[in-house]
Amino acid sequence: QAGDAHVYPRTPQTPETNRFFHTLGHDTKPVFLSEYGIGSLLNVIRESRRFEEANARPDLMDVALMRSMADKLVADWERFGFTGVYPFPEDMLRESQRLHARQRLLGFDLIRANPRLNGYNLTGMLDHGMTGEGVWTFTREWKPGIVDALSDGWAPLRWCLFVDPLHGYVGRKFRVEAVLANEDVLRPGSYPVTFRICGPQGVAWEKRLELHLPEPTAGQDAPLAVPALSAEVELAGPAGIYEFAADMERGGAPAGGRLKFYLSDPSALPRLPTNVTLWGIEPPVAAWLRTHGVTVRPFAQTAADRREVVMVGNPPDAERDLPHWTELARRMARGSAAIFLSPAAFAREKDGVGWLPLAVRGRCYEFNDWLYHKECVAKAHPVFAGLQAKGIMDWDYYGPVITHHLYDGQETPDDVVAAAFAPGYPCPGGYASGVLVGSYRFGAGRFTLSTLRVLENVDRHPAADRLLLNLINDAAGIAGQPLAPLPANFAETLAQIGYGG
């Protein structure tokens, strides 16, 4: 009734969230968006050094908290083995600030494209409260790229462009949309515009049209936004980075009008002539694996005669029992490799990690990503072969594969592949971190934990497809070899991990 809304959706934003912004106020009176924004990580390392520059007393509350967050980040960075992913840990924080400018532009596109939103109060100006929510840092410096983003976003006349999905496959349809936001800059009339998609080989698609700005209804203002284009597009390739661009050929000079997106080639996915045992994997995923050369068979309690790759999703309730988990532990101890693709697999009565085969099971919890969020960081590793890697996992590239679940409190994996960091998060101590993908040795074998949303996006998102094949390929080096003898202390190991009879 008040015509006021404040919205803090989960990030990365979903298509459903974007549609909400498109339609907010369409069946009510105009709406003032009083709060909305996506922040960055807090650059706790630079801010700590700025305190040192000012000779601030180290016992002051803000100084001590900033230093504590910086020390925790650096310690985890080294503990997870991320030295070399960036020159220094602070470079990851700077990269988060640069990516934050892109997220601000996404918000401006959504807001300015909706003619029923009559105002916007941006969250927030400053990294106050020892968080990363601002366009200014804690010590009043502009974040990288944000001045350009704000100048673009507030421009009275600007293009708002959308591509869905931002990472798709060549040969599959995707949608492009363009809206012209116009705050009384252009008069009613027709304006010639051209839209193009450019890729590795130049112009891949073009559309010319006359954009008509209507005369306002008597007694009313002209619309704040006018739809210009909505089209389905299918490109034959090649794979690479593409750009959707808009140009007004005469009559006006809108800001914005450029949006990068990604196309991958499904034929470039590797074929894996290997055997994989499936436990709790849905039939469509199993069928997709077969089309990529993988021979699959169901998990059974009968002992395997060779080392194998066992892929675990969400086992049925009837199989979540001690005999099944003990059999899996036996196979791993004799040299097989298990890949756990869903944290839900480990639920045991009220214990969410009750079947996790570790003596110190810690927890796997759902992290709340919104205005304040974590960044997921990947190593250059075979699991990320052929993907954007060695750094922050860009939301535009990975999209729905980005996870909200973290493993925390376990012993550090023998090989950490991807981890999450959240300095400046509003939680006790202001800092959180956790493992996203990591492997542990188990007897002569091993197991890999992953919280990335791979299974949910198979044959839907290119990053999910490649990750699934890479995880199998990374584990397949042990498959087919003779079984190792069962360790002499296997019964003791079972007792330590809670699998005792």
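Buried, in what follows, means under 20% relative accessible area, exposed means over 50%, and partly exposed is in between, with a 1.4 Å probe and protein chains only. At 53% relative accessibility, Ala268 therefore counts as exposed. The structure is a predicted model, in which local features need pLDDT of at least 70 and side-chain atom pairs count only at pLDDT 80 or more, while totals for chains, interfaces and linings use all residues. Residues are numbered from 1 along each chain as its sequence is written, and side-chain values use heavy atoms, with hydrogens and water left out.

Back to Ala268. It sits in the loop between strand 12 and strand 13 (275–279); helices (H or I, at least four residues) and strands (E, at least two) are DSSP runs, numbered from the N terminus. From Ala268 to Ala239 is 9.2 Å, C-alpha to C-alpha, with their positions 29 residues apart in sequence.

Strand 12 itself holds Phe261. Is Phe261 buried or exposed? Phe261 has a relative accessible area of 1%, so it is buried. Its C-alpha is 7.7 Å from that of Tyr397, and the two are 136 residues apart in sequence.

Next, the open space. A pocket is an open set of points on a 1 Å grid over the protein atoms alone, with protein on both sides within 12 Å along at least five of seven lines; a cavity is a set of points where a 1.4 Å probe fits but cannot get out; lining residues have an atom within 4 Å of a point. Points are joined across faces, edges and corners, and a volume is the space filled by probe spheres set on them.

The second largest pocket has a volume of about 450 Å³. It is lined by 21 residues, and the closest to its centre are Arg102, Leu105, Arg258, Leu259 and Lys260. Helix 4, helix 5, strand 4 (157–164) and strand 12 (258–264) each give two or more residues to this lining, with the largest share, 5 residues, coming from helix 4. By class, the lining has 8 nonpolar, 3 polar and 10 charged residues. Here Ala, Val, Leu, Ile, Met, Phe, Trp, Tyr, Cys and Pro count as nonpolar, Asp, Glu, Lys and Arg as charged, and the others, Gly among them, as polar.

Now the closed space. How many cavities of 30 Å³ or more does a search of the whole structure find? The search finds 2. The largest cavity contains about 70 Å³ of space. Its lining includes Gly39, Ser96, His100, His373, Glu375 and Trp395. Helix 4 (residues 89–112) gives the largest share of that lining, 4 residues. The classes there are 4 nonpolar, 5 polar and 2 charged.

The second largest cavity holds about 50 Å³. Among the residues lining it are Tyr36, Arg104, Phe108 and Tyr120. Two elements, helix 4 and strand 3, give two or more residues to this lining. Helix 4 again has the largest share, with 4 residues. This lining divides into 5 nonpolar, 3 polar and 1 charged.

Last, the surface. Met125 lies in the loop between strand 3 (117–122) and helix 5 (146–153). Met125 counts as partly exposed because its relative accessibility is 44%. Together with Trp142 and Val147, Met125 makes a nonpolar surface patch of about 300 Å². Patches are made of residues with over 30% relative accessible area and no salt bridge, like charges being joined within 9 Å and nonpolar side chains (Val, Leu, Ile, Met, Phe, Trp, Tyr) within 5 Å. A salt bridge is a side-chain nitrogen of Lys or Arg within 4 Å of a carboxyl oxygen of Asp or Glu. Accessible areas come from the Shrake-Rupley method with a 1.4 Å probe, and for residues only the protein chains shown count as cover.
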